[in-house]
Amino acid sequence: MSIHSDNRRKITVKSIAKMKNKEKIVMITAYDALFANLFESQVDMILVGDSLNMSFLGKSDTLSSTMEQMIYHTNAVTQGARTPLIVFDMPFGSYSTKEDALKNANRVYKETDADAIKIEGGANRAEIVEYLTKNGIAVISHIGLMPQFVRSEGGYVVRGKTKEDAELLKKDAKILEEAGAFTLLLEGIKSEVASEITSSSIIPTIGIGAGAGCDGQVLVWSDMFGFYEEFKPKFVKQYMQGAKLIREALGEYVQEVKDGKFPSDEFSY
Ligand code: KIV
């Protein structure tokens, strides 16, 4: 029996390109088959983000994430979701040179069913983006606030606040588009700057903390479902109080076991 209930056709890099100026693109993160399967029929893209290093491994940043870890989780996600475009987030240090980038991206295509990879960086990564795309790898370029630079930059800083920074971001976007990226992921960028990048790009933009003017949006699933009560950055809307619901349900189970009420006859053989 198939676990898949999604009757849509497989979403490809071409389908994503065609959505620009026609339909908003919805992306969400997933790290396992269970949640990927729950998301499968409603979203266009699933990002196996290195944010899993923080949200599921409890680390303070994404930098210690490894290729092995990302491959393991991507294989779980592709088991759960077939239709959405699946994006593999290249971990820190896996694309420092174009040769390393291609070696690791080839590994992603050989060892997983991911459709594309994502790398962080602006114009300084253009040569790598070009090299990858020329070798048959579909690339999403992630610019703006780049979590993999948190240690070198000493924190997470919203971008595009000055005219100079806005110009720098617009230049990055143009250069990466010309290098062959099929989508730009814009994180932590002033809305008006992200909107300008979106309207001057021929490729789609997916925003996170970059306002409504982007071609699509992405959120980390555990943030948007309210599993982190203490983590509420301005750009995260909690669509559900996940932590509260789990705690309440768990409390009920614990109480019923303590009271000898579970399992009742209904749940016994
Ligand atoms: O790793 C991740 O989940 C990401 C998102 C923040 C876009 O890169």
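This section describes the domain arrangement and the internal cavity of a predicted model.

The domain assignment divides the chain into domain 1, covering residues 13–238, and domain 2, covering residues 242–269. The centres of the two domains, taken over C-alpha atoms, are separated by 39 Å. Contact between the domains involves four residues of domain 1 and five residues of domain 2. About 320 Å² is buried between domain 1 and domain 2, and carbon and sulfur atoms account for 49% of this area.

Polar interactions across the boundary were also counted. Four residue pairs are in polar contact between domain 1 and domain 2, with both residues at pLDDT 80 or more. On the side of domain 1 that touches domain 2, two residues are nonpolar, one is polar and one is charged. The count of salt bridges between the two domains is one. A salt bridge joins R247 and E229, with a distance of 2.6 Å between the closest N and O atoms. By the domain bounds, R247 lies in domain 2 and E229 in domain 1, which places this salt bridge across the boundary.

The search for enclosed space gave one cavity of 30 Å³ or more. The largest cavity holds about 70 Å³ of space. Its lining consists of G144, L145, M146, P147, V150, E153, G155, Y156, V157 and R159. By class, the lining of the largest cavity comprises six nonpolar, two polar and two charged residues. Among the lining residues are E153 and R159, which are the charged members by class. The lining residues fall within the bounds of domain 1.

Conventions:
Residues are numbered from 1 along each chain as its sequence is written. This is a predicted model: local features need pLDDT of at least 70, side-chain atom pairs count only at pLDDT 80 or more; totals for chains, interfaces and linings use all residues. Side-chain values use heavy atoms; hydrogens and water are left out. Domain bounds come from an automatic or database domain assignment. Contact means heavy atoms within 4.5 Å. Buried area is the accessible area (1.4 Å probe) that two parts lose on being put together, summed over both. A salt bridge is a side-chain nitrogen of Lys or Arg within 4 Å of a carboxyl oxygen of Asp or Glu. A polar contact is a pair of N or O atoms within 3.5 Å; within protein, one must be able to donate a hydrogen and the other to accept it, and residues adjacent in sequence count only if both atoms are side-chain atoms. On a 1 Å grid over the protein atoms alone, a cavity is a set of points where a 1.4 Å probe fits but cannot get out, and a pocket is an open set with protein on both sides within 12 Å along at least five of seven lines; lining residues have an atom within 4 Å of a point. Grid points are joined across faces, edges and corners, and a volume is the space filled by probe spheres set on the points.
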